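Biologist: Please give me a close look at one part, the packing of a single chain. Then set that part in its surroundings.

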Amino acid sequence: MKRRQLLALTLALAASSALPAIAQDAAQPYAGTHIAVLMEGHPTTDGIQALLPEFTKETGIEVELEVIPESDITAKMLLEFSSGTGRYDVVQNNIIYIPGFVQAGYIDPIDDLAAKLPKYLDRADFVPGYLNTNIVGNKLYGLPVYGESTFLMYRKDLFEQYGLTAPKTFDDVVSAAKTIKEKSNGEIVGITMRGAQGIQNVYVWAGWLWGYGGEFLTSDGKSALGTPEAAASLDAFAKVLRDYGPVGAANFGWEENRVLFQQGKAGMTMDATVNGAFNEDPAVSSVVGKVGYVPVPKQSDALKGGSSSLAVHSLYITSASAQKEAAWLFASWATAKEQQIKSFGLAPNSGVTSQAALNSDEFNKRYGAFKEAMLGSINQGNPQYLPTVTAANEIINNAGIAVSKALAGTASAKDALAEASAANDAALAR
Amino acid sequence: MFKDATKLFYQPVIAFFGAVSVVITIYVLWLTLHNISLLRPGQEQFIGLNNYVRLLLDTRGLNALWRTVLFTVIATVIELIIGLSIALLLDREFHGKKIARAIMLVPIVMTPIVVGLTWRFMFDPSSGMANYLLSLLHLGPVDWLGNPQVALFSVMIADIWQWTPFVVLLTMASLESLPGDPQNAARVDGAREWQVLWHVTLPALHRALLVVALIRAIDSVKTFDIFYIMTRGGPALSTETLNLYGYISAFTNFDISYALTIAMVLTIFTNVALLLLYNLAFKAQARGAV
């Protein structure tokens, strides 16, 4: 008897707790759905993570957010994609992989979902240059989470002190680096840039490559790293870093490079526009207000593409996802202008992709110092800055080895690039 | 019948592990005969021995193999020499022996990630401890991890720091189990301490040292974590071992078949080398050559 009473009581309790859920169903048709999201460790992700409870409250969708370093994220998602597990419903990645993912059928177009559930979407509000990178074959595949370009950052105070003007060509960069290092008696290095082998050094050197009139791939899809322009760009990059750069630059990644510049130990650096947010943050930087921002220099006017990058990282819905609609709601919510504007107070996030957020007072107040240079770089940003073919990762890796060799002096720029070019052609043919 | 009953306990286990190894090896072999790429699903083809030919002609792969050999041989030899010396020094009763032994365990139980990060900070060219110490001697600065001539040895230092205590512990254990009589007999016969060491103690430790060397050599070939944390194979490929090249082929280039080929070749190479070493050492001893 007692057991039956207990059973009845349990049932009654379960029913009463289920009631509100049923009542909410109309407003929250996806309540109780679990989705898994894989995102990159980045200030934007920190903001989304902090705002996540609001999304769950609004929609009832439970989000399991996994955050891993950008350098490991592609391998991680590819392993899941290729075994078709459907482990992740939404993934974040760099635009350079997207043509490969589309071709392999790993991600789905989102046009239908956007038409069906437009609740959070304001397509016209995205920076067009960012959104358009996600269109492959007339179909939209992703929504941009953050975007950035690259620019040259220089210490206005030092430039004034030594009578220098903001560099326009790479020759200007080299001579300014020389002056700063010599006149400060080596106390302050002329320039700091990332030298670590792989995407780290390639992301910065690519600006020199394009700025000297080089390119990664020819129009017929062959490697173009064996050209004199490429060799000249790498030669100059390696020399300026070796002669006027910091000790240990060969192992500098984004973090090491950024910190050195923030500490006021370098006269210039060339890196992602998001670094501006760190330079202007008094909590971490000792150079607030002392930094000038200009576009990445150009050595000639006859370029095959712009010398500043256009790096866009977006959210994509996986083909293997079992709950695409809930996944779409999350992707469109996380990239909506409301969240982007709120994120300013949560993380140093200058890479917003919403025009409303870019034009907000909050943005101007925090990042006004480099806003103009950043928008200028984005507008000239080169969507082919890094190759966007299926073998992109391998091409970048091979180029990174060449940059590292030239920097270490174990091979001449020309020889190192010839080797990388041959390896890239082999990878492209595979 | 009863004598054989114990076989029933261990034979199934051996059969199971054996079968699993054989099945996996054959499966991997089969995969290496294809061109599987994570970026080209559904387009795999049978390409025979092409991957093996590619590796044979791949200078990057051959250089990585050479670095693996260099790292394994030098690290193992140095660990053995330092480890043995420390063990001999500690092989006496003294105050705080237990504490010394406990401290010895610290590097071994640390995870390689922590070891790699710690050494990376120590080797930081501008704010690291290593260059600070050198500057006291008016030397340096050395770009420990940024100079391709030095980087492999810098990683080796971290590996030696972590694993020498392992050699010390195993050597101390076998030193303690040695009977003291032969040594005392030698001393009574008028041998000096270094003669006792060279002619009596070391030959008795021979077998234990070989086992330690084998374990360390196998581990060195497989070293991955500290390379990954400290250099990721850079600069200019100067610290890319075959193991790391396999990792990059798989997870940067997504070329699964080639990565498995590298792993397969490394496995075969290691097995042959170690079997030769093992046979040379133990068979020779069994014949009474030592």
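Modeller: Two residues are in contact if their C-beta atoms, placed from the backbone, lie within 7 Å. By that rule, take the contacts in chain A between residues at least 6 apart in sequence: 77% of them join residues at least 24 apart. This is a predicted model, in which local features need pLDDT of at least 70, side-chain atom pairs count only at pLDDT 80 or more, and totals for chains, interfaces and linings use all residues. Residues are numbered from 1 along each chain as its sequence is written, while chains are lettered from A and ligands numbered from 1 in the order in which they are written.

Start with the overall build of chain A. There are 18 helices and 10 strands in chain A. Both are DSSP runs numbered from the N terminus (helices are H or I, at least four residues; strands are E, at least two). The C-alpha trace of chain A spans about 90 × 50 × 40 Å along its principal axes. Its radius of gyration is 24 Å, which agrees with the value near 22 Å for a compact globule of 430 residues. That radius is taken over C-alpha atoms, and the globule rule is 2.2 Å times the number of residues to the power 0.38.

Now the inside. Of the 430 residues in chain A, 53% are buried. Buried means that 20 or more other C-beta atoms lie within 10 Å of the residue's own; exposed means 12 or fewer, partly exposed is in between, and C-beta atoms are placed from the backbone. The largest nonpolar core has 168 residues. Such a core is a set of buried Ala, Val, Leu, Ile, Met, Phe, Trp, Tyr and Cys residues joined through C-beta atoms within 7 Å. A:Val90, A:Ile191, A:Leu234 and A:Phe330 have the most contacts inside it. Helix α17 (residues 392-408) of chain A gives this core its largest share, 10 residues. The core also draws at least three residues from each of domain 1 (23-148 + 311-368) and domain 2 (150-309 + 385-429) of chain A. In soluble globular proteins, nonpolar side chains tend to be buried together.

Zoom in on A:Phe330. Setting aside neighbours within four places in sequence, A:Phe330 is in contact with A:Ile35, A:Val37, A:Phe55, A:Ile61, A:Val63 and A:Val90. Another core lies apart from the large one; it has 5 residues, including B:Ala87, B:Val168, B:Met172 and B:Val212.

Next, the two domains. Their bounds come from an automatic or database domain assignment. The centres of domain 1 and domain 2 of chain A, taken over C-alpha atoms, are 30 Å apart. Their contact uses 15 residues of domain 1 and 17 residues of domain 2. On the domain 1 side, α3 (70-82) and α4 (98-104) of chain A each supply at least two residues. The largest share on that side, 3 residues, comes from α4(A). The domain 1 side that touches domain 2 divides into 7 nonpolar, 7 polar and 1 charged. Here Ala, Val, Leu, Ile, Met, Phe, Trp, Tyr, Cys and Pro count as nonpolar, Asp, Glu, Lys and Arg as charged, and the others, Gly among them, as polar.

Then the partner. In the interface, 23 residues of chain B are in contact with 23 residues of chain A. The chain B side of that interface divides into 13 nonpolar, 6 polar and 4 charged. Chain B has 12 helices and 0 strands. The C-alpha atoms of chain B fill a box of roughly 75 × 75 × 30 Å along the principal axes. Buried residues make up 31% of the 290 residues in chain B. For contacts in chain B between residues at least 6 apart in sequence, 68% join residues at least 24 apart.

One helix of the partner deserves a look. Helix α1 (residues 7-32) of chain B has 26 residues and reaches 37 Å from its first C-alpha to its last, close to the 38 Å expected at 1.5 Å a residue. The expected span is 1.5 Å times one less than the number of residues. α1(B) is hardly covered, with 1 buried residue among its 26.

Last, some backbone details. B:Gly234 and B:Pro235 are joined by a cis peptide bond, with omega about -15°. B:Pro235 lies in the loop between α10 (225-230) and α11 (242-251) of chain B. The loop between α10 and α11 also holds B:Ala236. B:Ala236 is not a glycine, yet has a positive phi of about 50°. B:Ala236 is buried, with 26 other C-beta atoms within 10 Å. B:His138, also not a glycine, has a positive phi of about 60°. B:His138 is exposed, with 6 other C-beta atoms within 10 Å.
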